Amino acid sequence: MLFEHLQPYPGDPILSLMDKFTSDPREEKVNLSVGFYYDENGKIPVLDSVREAKRRADARFTQTNGYLPMDGASDYCRAVQQHLFGMQNNPETIATIQTIGGSGALRIAADFLYSADYGGEVWISDPSWDNHQAIFARAGFTVKRYPWLNASADDIDFPALLQALQGAAAHSVVVVHACCHNPTGFDLQENQWDALFELCRERQLIPLLDAAYLGMGNGFAQDVRAVRKLVARGTTGLVTNSFSKVFSLYGERVGSLSVVCANRTIADNVRGQLKATVRANYSSPPRFGAVLVSEILNDEPLRQVWQEEVELMRERIVSMRQGLHTRLSELAPQHSHDYLLRQKGMFSFTGLSPEQVRMLREEYGVYIIGNGRLCVSGLNQHNLDIVARRIAAVL
């Protein structure tokens, strides 16, 4: 019979946990698994800047709601270029399209690279976000891993990373988080980015920066440095971007893909091939979320409101890191918890074993990812002590 050879889908390791959490009857259960930013009340916030952008969009709304172009809304794409790369760069050498979130950007990037005969190997960090491997493998790439953490799992093993990539075949794609590495929270330093980009130049590797959390690590000006360094060095590469977290627009699927090229002619040809890739995939991106983001990025006073809101989000995450570090240091002083203070962004790599993660979930109702990744933004003043006590109990 047709399709009888297919195996059951085991479920996404992150999204499947949401189902288990929802069905858990315990009142003091805590969800620290999926990558949402939650406010102090445990809710996904609606930003004031987004409310105002929606009010303006509603006031202008007409019954005409046709398809967007294959590469998305032009005002959105221009705003994204200015946001990511700054006004000092020449946008004519950068091909930018609107995509269906960051995952859509990655898939279009993978399909584009494969069709351009650069679909041999892709290198992703070990560990990395699970969907990196799935997306590129489905597109036809051979997925390889470069080491990210040292033996103690308390910092990046940069020499081992470089050594691994020395063995990458020419034109291999190297996927790196631009900031707030998912799942570890450990980021490259500026001199390490320089060394990585130089290695890419020497070995003819193609860097792809996944920028899903700009502004949530050390602040936007620092978080975007790797993206702008890519352009400043004249390195050909790709940047995938998601606005889900920083605009709290998860369901609107607002993202972008930019390809940094050597000259305008190449950029024009790349943009055309990106359009062809989109046409053969989802044809055109959705409208509404991009309208909101474009309204905010293109209006300086409203953009300032949004930037202040993102900074408050970042500061709350930092506060939760500090709070969890303090309580764990009191409850389990035999262990070092300094990793919480050195990691950046929404996620923390706890180093908990799969068995400890299972115990947290089954015995204590605290849900984190199987590899030990904890979503710091799911913490608040109401659950922080509960989580600290339960983590201490399994150490």
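Where is phenylalanine 3 found? I started my notebook with this one, and I kept in mind that I was reading a predicted model. Phenylalanine 3 is found in the segment before helix 1, which covers residues 15-23. I then looked up its accessibility: phenylalanine 3 counts as exposed because its relative accessibility is 61%, and exposed means over 50%. Next I checked its company on the surface. Leu2, Phe3 and Leu6 form a nonpolar patch there, and together they have about 400 Å² of accessible area.

**Entry two: the sheet**

I turned to the strands. Seven of them form an open sheet with mixed pairing, and I wrote down the order as 2-8-7-6-5-3-4. Strand 2 (94-100) and strand 4 (142-147) are the edge strands, since each pairs on one side only. On average, neighbouring strands of this sheet are turned by 25 degrees against each other, direction ignored.

How many bridges join strand 2 to strand 8? I found seven, and the two strands run antiparallel, with strand 8 covering residues 254-260. I followed the pairing by residue: isoleucine 94 has valine 260 of strand 8 as its bridge partner, while isoleucine 100 stands opposite valine 254 in strand 8.

Then I looked at what packs on the sheet. Helix 3 (residues 74-85) does, touching strand 2, strand 7 (237-242) and strand 8. The direction of helix 3 makes about 115 degrees with that of strand 2. Helix 6 (residues 158-166) also packs on the sheet, and it touches strand 3 (121-126), strand 4 and strand 5 (173-177). Its direction makes about 150 degrees with that of strand 4.

Is strand 2 mostly covered or mostly uncovered? I noted that it is mostly covered, with six of its seven residues buried.

**Entry three: isoleucine 368**

I jumped along the chain to the loop between strand 10 (366-367) and strand 11 (373-375), where isoleucine 368 has its place. Is isoleucine 368 buried or exposed? Its relative accessible area is 2%, and buried means under 20%, so isoleucine 368 is buried.

I also looked up what surrounds it. Leaving aside neighbours within four places in sequence, isoleucine 368 is in contact with several residues, among them Leu17, Leu32, Thr350, Val357 and Leu374. The C-alpha atoms of isoleucine 368 and valine 30 are separated by 9.0 Å, although these residues are 338 residues apart along the chain.

**Entry four: salt bridges**

A reminder to myself: side chains of opposite charge can pair when their charged atoms come close. The count of salt bridges comes to 26, and I picked out three.

My first pick joins aspartate 111 to arginine 107, with the closest N and O atoms 3.1 Å apart. These two are separated by about one helical turn because they are four residues apart in helix 4 (residues 101-115). Arginine 107 counts as partly exposed, at 28% relative accessibility.

Next I looked at arginine 201 and glutamate 198, whose closest N and O atoms are 2.4 Å apart in their salt bridge. Both lie in helix 7 (residues 190-203), three residues apart, about one turn of the helix. Arginine 201 counts as exposed at 54% relative accessibility, whereas glutamate 198 is partly exposed at 25%.

My last pick was aspartate 268 with arginine 271, where the closest N and O atoms are 3.2 Å apart. They are three residues apart in helix 11 (residues 264-279), so about one helical turn separates them. Aspartate 268 is partly exposed, with a relative accessible area of 38%.

Finally, I noted a network: salt bridges that share partners join Glu190, Asp194, Glu198, Arg201, Arg225, Lys229 and Arg233.

How values were computed:
Residues are numbered from 1 along each chain as its sequence is written. This is a predicted model: local features need pLDDT of at least 70, side-chain atom pairs count only at pLDDT 80 or more; totals for chains, interfaces and linings use all residues. Side-chain values use heavy atoms; hydrogens and water are left out. Patches are made of residues with over 30% relative accessible area and no salt bridge: like charges are joined within 9 Å, nonpolar side chains (Val, Leu, Ile, Met, Phe, Trp, Tyr) within 5 Å. Accessible areas come from the Shrake-Rupley method with a 1.4 Å probe; for residues, only the protein chains shown count as cover. A salt bridge is a side-chain nitrogen of Lys or Arg within 4 Å of a carboxyl oxygen of Asp or Glu. Buried means under 20% relative accessible area, exposed over 50%, partly exposed in between (1.4 Å probe, protein chains only). Two strands pair if DSSP finds at least two bridges between them. Axes are lines fitted to C-alpha atoms, for helices over the stretch in contact, and angles run from 0 to 180 degrees between N-to-C directions. Contact means heavy atoms within 4.5 Å.
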